[in-house]
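I opened this entry to record what I looked up, taking helix packing, then charged pairs, then the nonpolar interior.

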Amino acid sequence: MQPDSNANTNANAHAIPSDATPARTPSRARWRALAHSPLALPLAGLVVVSLLMGLASDNFFTVSNWLNVLRQVSIVGILAVGMSFVILTGGIDLSVGAAMALAGTLSAGLIVNSGLPAPAALLAGVALAVGIGLLNGILVAWGRMPAIIVTLATMGVARGVGLIYSGGYPISGLPGWIAWFGVGRIGPIPVPVILMLLVYAVAWVLLQRTPFGRHVYAVGGNEMAARLSGVKTARIKLAVYAISGFTSGLAAIILTGRLMSGQPNAGVGFELDAIAAVVLGGTAIAGGRGLVLGTLIGAVLLGILNNGLNLMGINPYLQDIIRGVIILLAIYIAREWR
C-alpha cells in the first residue's frame, strides 16, 4: 500500500510552524528579561535625559563634554559603590561625605604638618575612613542600632574632628604629584574616571561572582531567613560598612588631588548624591534587589543632569529643584514598575 503523499505534505506543513516557534522564543525571552531587569528603567532614563540635553545644547554630544561629565561624577560615583553594598543589605550610610573630608584632611595634615611621606599619609587617610566604616558596622550589626542614626552621628563626629584637626581651614602645600589622582590623564581618559571604572569592575565581581555577594543580597532580601540558612549576617553588615568606608577613603585621595589641599568642609551633601545615584540605578532602598552597574548609570545620569542644566544656563537654585523633582519622579516610576 502506497503512503499518502498528501498526508505527508500536510504533516510537514504542520511541522514547519512548530519548528519555527522555538526559534523566536529565546529572542522574546531576552526582551522580556531586559524589560524586567533592574537596569531597564535606569537605561531608559539615561537615554531620554541625554536626548533632551542634546537637543537643548549643541555641545552636549561631544567626546570632551562626556569625559568631563564622567570626571565630575567620579567622586560621587565611587562613594555610590560603597553605598550600594550598604543599601543592598537594607542599611544606609550618611557618613560617607564627612569620612571622605576627614580622610583627606588627615592625609594633608600628616604630609604638611607631620612630615610623613605622602604615600603613607594617603594610606593613613584611607585606613581612617575604613575605621569609620567598621565603627558603623559594629554599632549596626552588634549594637543593633538603627543605621540612619548611627551614621548620622558618625557623620557629625567625623566632620567635627576634621574641623578641630585643621582649625577650620584648608591644609595646603601638598606635593605636586598628588594632583595626578585628581586631574591627571592616562591618554585621553582622566585618571579619576579610570579609578571609578576599576572600582565598579571589582564591585561587580564581588556581588555577582562570589558567595559574599550572594550573602549581601540574602541579608537585604530577608535577614532572618539568611541567618537561619547559615549566613553570618553580622559579619556581612560589618563588611559592607567597611567597604563603604574604603570607597570614602579612595574618593578622598581623588578629591585631595583635585583641590591640592585637605578640605574639612568638603563633601557636604555628597552622601545624598550617592544615595540618589543608587536609587536612580534601580536598587531597592529596602535592600535585596539591585545591580552595581545600575548605580553607575544612576551616577552618570546625575552628572548628565548637572552638566546639561549648566550648559543651558539654568539658575543653580532652580537646578536643585529640577533634580529633586526628577529623582522623586524616578523613584515613583520605579515603585510602580516593580
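**Helix packing**

In this predicted model, I looked up how helix H9 (residues 211-221) packs with helix H11 (residues 233-259), and found an angle of about 105° with the axes 10 Å apart. Since angles from 65 to 115 degrees count as roughly perpendicular, I noted H9 as roughly perpendicular to H11. On the H9 side I listed Phe212, His215, Val216 and Val219 as making the contact, and on the H11 side Thr233, Ile236, Lys237, Ala239, Val240 and Ile243. I sorted these residues into seven nonpolar, two polar and one charged.

**Charged pairs**

I counted two salt bridges. In one, the side chains of Glu223 and Arg227 meet at 3.0 Å, N to O; the two residues are four apart in helix H10 (residues 223-228), which means about one helical turn separates them. In the other, Glu223 pairs with Lys237, with the closest N and O atoms 3.1 Å apart, and because Glu223 lies in H10 and Lys237 in H11, the pair ties together parts that are 14 residues apart in sequence. I therefore wrote down Glu223, Arg227 and Lys237 as a linked network of salt bridges. For burial, I noted Glu223 as partly exposed at 25% relative accessible area, Arg227 as partly exposed at 33%, and Lys237 as buried at 14%.

**Nonpolar interior**

The largest nonpolar core has 66 residues, and I recorded Phe85, Tyr200, Val240 and Ile304 as those with the most contacts inside it. Helix H3 (residues 63-88) gives the largest share of this core, twelve residues. I also noted a second, separate core of nine residues, including Leu106 and Ile171.

Notes. Residues numbered from 1 in each chain as written. Predicted model: local features only at pLDDT ≥ 70, side-chain atom pairs only at ≥ 80, totals over all residues. Heavy atoms only, no water. Core = buried A, V, L, I, M, F, W, Y, C linked by side-chain atoms within 4.5 Å. Buried < 20%, exposed > 50% of the residue type's maximum accessible area, 1.4 Å probe, protein only. Axes fitted to C-alpha atoms, helices over the stretch in contact; angles between N-to-C directions. Parallel < 35°, antiparallel > 145°, perpendicular 65-115°, else oblique. Contact = heavy atoms within 4.5 Å. Nonpolar A, V, L, I, M, F, W, Y, C, P; charged D, E, K, R; others polar. Salt bridge = Lys/Arg side-chain N within 4 Å of Asp/Glu carboxyl O.
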